[in-house]
Amino acid sequence: MNDLFCVIGGNAAGLSAAMQIKRLSPKTHVILFEKSGLVSYSKCLLPYYLSGRIEGIDAISVKPAVFFSDQGIEILQAEVTRIDVRSREVLYIENGRLRTLRYRKLLLATGTRYSKPEGENFFMPVPDDYIRAGELIRAGKIRTAAVIGGGFAGCETALELSRVGIAVDLIEKNRVLSLFSPQFAEELKGFLGGNTRMMENTDFLGTDGELLRTSRFERKYDAAFFCLTPKPSTEMIDIPKMKNGAVRTDAKCRTENEDIFAAGDCASVTFVNNRTGTMPSAVYANKTGKTAAYSMLSKRTPGFFASGSTMIDLDGIVAARTGVEEGSVCIVKKLPDSKDDKGRPSGGLIVLGCSESGIIKYGEVFSPGTYALQAVTLLGSFLGRPLNELIAADIPYAPFINRVLDPVQAAAFGLLLKIR
Ligand SMILES: Cc1cc2nc3c(=O)[nH]c(=O)nc-3n(C[C@H](O)[C@H](O)[C@H](O)COP(=O)(O)OP(=O)(O)OC[C@H]3O[C@@H](n4cnc5c(N)ncnc54)[C@H](O)[C@@H]3O)c2cc1C
């Protein structure tokens, strides 16, 4: 029997899985396919190319490929075009030639893909596009821009464009930052920069050459940035999927095929209330990647590895929780009840619970908006792990999460002192 483990996708989910497989079972032969020239890179930093806060491809690289090869992971720069589930074969293109490889177990970690219409000055949030757009901006060739899609990627793009004086129309078919309550989203919109015009309830209809057509107007811009909800990249495999194309998985990243697993943005997520959905986030991708490694090796996942959280929005105040089993020891940490230098409220509460032996069991956060969501997502990724791990955590990937890490670590430290 061929013992090869194949991982498809070389970013947060795929590399977390490959590394964890090697840690748990150093002799397992792992081949990882990545179609782009990049592995382990931060998509979250892409908007900073536009304002020039970062430059060059190295700026988004988290770890170089050689770091992973040194751990015994074989990385192939190749695009997987099809997975034949019956014959257990991966079909891929390497140096222009179609090749096949038989696998024993397979992990799909292919993330999502954006799309855009044909056009010289149309961009989507992928490295090549944003680097090129940044160069055009610095050459003074972009003074007006449309950003289509008012989610996280669209808002960050609008903000960075606005910072360098570009007049931005942010076009959104519903409302901007609809992940948040209208009240809190209103607060946040004030921080998107004075050069940004919000065009809510405006449907993007299509393009005619360089002309952008919407349900309310038609206009030509120097550049247009397409940040519409991306689609899971799962077209190469025929297994049960959700309506949006995400591969259906259980809480242990298993699909209906016993030798195929899926993790990260291309897979469904099981929330603690047992509902299924998708949660495009680097933190989840890292966590589900690790979970998949345990499942691929038929090992029990340590602790409680369910993903997700529950949250309630009380007039702009978010109360969120992750974990289902209450620990016997808990700590409550009040966040500073003040406003930050931009006038944003920053108060709130963190509740952290663990077992007598220091294993994190649950977390609750109460705070205005984004903080609570990010903090609870972060806590979710440490469920079932020892407090020490959370205290020592260094997350070099998502800048947003880093700001959240400090108070959560302080709470974990307080809890550790309490159980000692
Ligand atoms: C602008 C922006 C800002 C963001 N900000 C944040 C943030 O602040 N916090 C946060 O947590 N998350 C953020 N995210 C989301 C985060 O980047 C993703 O959730 C994370 O990258 C998902 O990791 P993944 O490994 O599942 O997928 P991806 O990162 O999409 O990686 C999948 C990899 O698979 C490769 N691949 C796909 N198909 C094939 C194939 N057929 N053959 C070979 N290789 C293939 C791709 O080239 C890619 O490298 C942001 C995203 C964007 C775009």
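**Exercise 1. Find the residue after helix α4 that has a positive phi, and then work out which side of α4 is buried.**

*Solution.* Start at the end of the helix: α4 is followed by Gly-140, whose phi is positive, near 75°. Before going on, note that this is a predicted model, in which local features need pLDDT of at least 70, side-chain atom pairs count only at pLDDT 80 or more, and totals for chains, interfaces and linings use all residues. Residues are numbered from 1 along each chain as its sequence is written.

Next, look at the helix itself (helices are DSSP runs of H or I with at least four residues, strands are runs of E with at least two, both numbered from the N terminus). α4 covers residues 127-138. Its 12 residues reach 17 Å from first C-alpha to last, close to the 16 Å expected at 1.5 Å a residue; the expected span is 1.5 Å times one less than the number of residues.

Now pick out its buried residues: Tyr-130, Ala-133, Gly-134 and Ile-137. They cover an arc of only 105° around the axis, which puts them on the same side of α4. The arc is that of the directions from the helix axis to the C-beta atoms. Here is a rule to remember: an α-helix has 3.6 residues a turn, so residues three or four places apart point the same way.

"Buried" has a cut-off: 20 or more other C-beta atoms lie within 10 Å of the residue's own, against 12 or fewer for exposed and partly exposed in between, with C-beta atoms placed from the backbone.

**Exercise 2. Is Gly-150 buried or exposed, and what does it touch?**

*Solution.* First locate Gly-150: it sits in the loop between β10 (144-148) and α5. Then count: Gly-150 is buried because it has 27 C-beta neighbours inside 10 Å. Lastly, list its contacts (C-beta atoms, placed from the backbone, within 7 Å). Not counting residues up to four places away in sequence, Gly-150 touches Cys-155, Leu-170, Glu-172, Val-176 and Leu-177.

**Exercise 3. Which helix gives the largest share of the largest nonpolar core?**

*Solution.* Begin with the core, a set of buried Ala, Val, Leu, Ile, Met, Phe, Trp, Tyr and Cys residues joined through C-beta atoms within 7 Å. The largest one has 45 residues, and Ala-17 and Ala-18 are among those with the most contacts inside it. α1 provides the largest share of this core, 7 residues. Finally, follow one member: leaving aside neighbours within four places in sequence, Ala-18 is in contact with Val-7, Val-30, Leu-32, Phe-68 and Ile-73.

Technical notes. Two residues are in contact if their C-beta atoms, placed from the backbone, lie within 7 Å.
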